[in-house]
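Hello,

Here is the structure I promised to pass on to you. Have a look at it first, and then read on for what turned up in it.

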Amino acid sequence: MGQSKKVPTRTCTGCREEKNKKDLIRIVRNKDGEVFVDITGKQNGRGAYICHNRACLEKAVKNRGLERTLKISKLQEDVVAQLMEQLGEEHE
């Protein structure tokens, strides 16, 4: 009868596992070069995805995976801090 809708998947920049897009946090670099956490998942710009997991974030920062995916030279500390804060709130 009805067709099932295909669930979009994305790869985590930290663990490199493919997961449901809704289960990941999106980080965006817009056309002005600003990098920020995209809470809605719908902002325009180049996106990178990370699991809701502090270990994945630390791995992505350490291996510069976010910089590569977003095509930037250096990830700002405030973006990393914002991600860490968001991950900390989810596990409380």
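Let me begin with Glu67, which sits in helix 2, the run of residues 65-70. Please bear in mind throughout that this is a predicted model. Glu67 has a relative accessibility of 6%, so it counts as buried. Leaving aside residues up to four places away in sequence, Glu67 is in contact with Ile72, Ser73, Lys74 and Leu75.

Glu67 also has a charged partner. Its salt bridge is with Arg64, and the closest N and O atoms of the two are 3.7 Å apart. The two ends of this pair sit in different surroundings: Arg64 is partly exposed at 39% relative accessibility, whereas Glu67 is buried at 6%.

**Salt bridges**

How many salt bridges does a search of the whole structure find? There are three. Besides the pair made by Arg64 and Glu67, there is one between Asp38 and Arg26, with an N to O distance of 2.7 Å. Asp38 belongs to strand 4 and Arg26 to strand 3, so this salt bridge ties together parts that lie 12 residues apart in sequence. Are its two ends buried or exposed? Asp38 is buried, with a relative accessible area of 5%, and Arg26 is buried as well, with 10%.

The remaining pair is Lys74 with Glu77, where the closest N and O atoms are 4.0 Å apart. Here both residues, Lys74 and Glu77, are exposed. You may recall Lys74 from above, as it is one of the residues that Glu67 touches. As general background, side chains of opposite charge can pair when their charged atoms come close.

**Cysteines**

Next, the cysteines. A search of the whole structure finds zero disulfides. Cys12 is in none, and the nearest cysteine sulfur to its own, that of Cys51, is 3.4 Å away. A disulfide would need the two sulfur atoms within 2.5 Å. Why is Cys15 not bonded to Cys12? The closest cysteine sulfur to that of Cys15 is the one in Cys12, and at 3.7 Å it is too far for a bond. As for accessibility, Cys12 counts as buried because its relative value is 0%, while Cys15, at 23%, counts as partly exposed.

**The largest pocket**

You may also want to look at the largest pocket, which has a volume of about 370 Å³. Its lining is made up of 19 residues, and those nearest its centre are Lys21, Lys22, Leu24, Thr40 and Gly41. Which elements give two or more residues to this lining? They are strand 3 (24-29) and strand 4 (35-38). Strand 3 provides the largest share, with three residues. These are also the strands that the salt bridge between Arg26 and Asp38 ties together. Sorted by class, the lining has seven nonpolar, five polar and seven charged residues.

**Loops and backbone**

A few places in the loops are worth a look too. Asp23 is in the loop between strand 2 (18-20) and strand 3. With a relative accessibility of 46%, Asp23 counts as partly exposed. The C-alpha atoms of Asp23 and Ile50 are separated by 9.0 Å, although the two residues are 27 apart along the chain.

Then there is the backbone. Most residues other than glycine have a negative phi. Against that background, Arg16 has a positive phi, near 65 degrees, and is not a glycine. Arg16 lies in the loop between strand 1 (9-11) and strand 2, and it is exposed, with a relative accessible area of 58%. Lys71 is another non-glycine residue with a positive phi, in this case about 55 degrees. Where does Lys71 lie? Its place is the loop between helix 2 and helix 3 (77-90). Lys71 is exposed too, with a relative accessible area of 59%.

That loop brings us back to helix 2, which holds Glu67, the buried residue I began with.

Happy viewing, and best wishes

Terms used:
Residues are numbered from 1 along each chain as its sequence is written. This is a predicted model: local features need pLDDT of at least 70, side-chain atom pairs count only at pLDDT 80 or more; totals for chains, interfaces and linings use all residues. Side-chain values use heavy atoms; hydrogens and water are left out. On a 1 Å grid over the protein atoms alone, a cavity is a set of points where a 1.4 Å probe fits but cannot get out, and a pocket is an open set with protein on both sides within 12 Å along at least five of seven lines; lining residues have an atom within 4 Å of a point. Grid points are joined across faces, edges and corners, and a volume is the space filled by probe spheres set on the points. Helices (H or I, at least four residues) and strands (E, at least two) are DSSP runs, numbered from the N terminus. Ala, Val, Leu, Ile, Met, Phe, Trp, Tyr, Cys and Pro count as nonpolar, Asp, Glu, Lys and Arg as charged, and the others, Gly among them, as polar. Buried means under 20% relative accessible area, exposed over 50%, partly exposed in between (1.4 Å probe, protein chains only). A salt bridge is a side-chain nitrogen of Lys or Arg within 4 Å of a carboxyl oxygen of Asp or Glu. Contact means heavy atoms within 4.5 Å.
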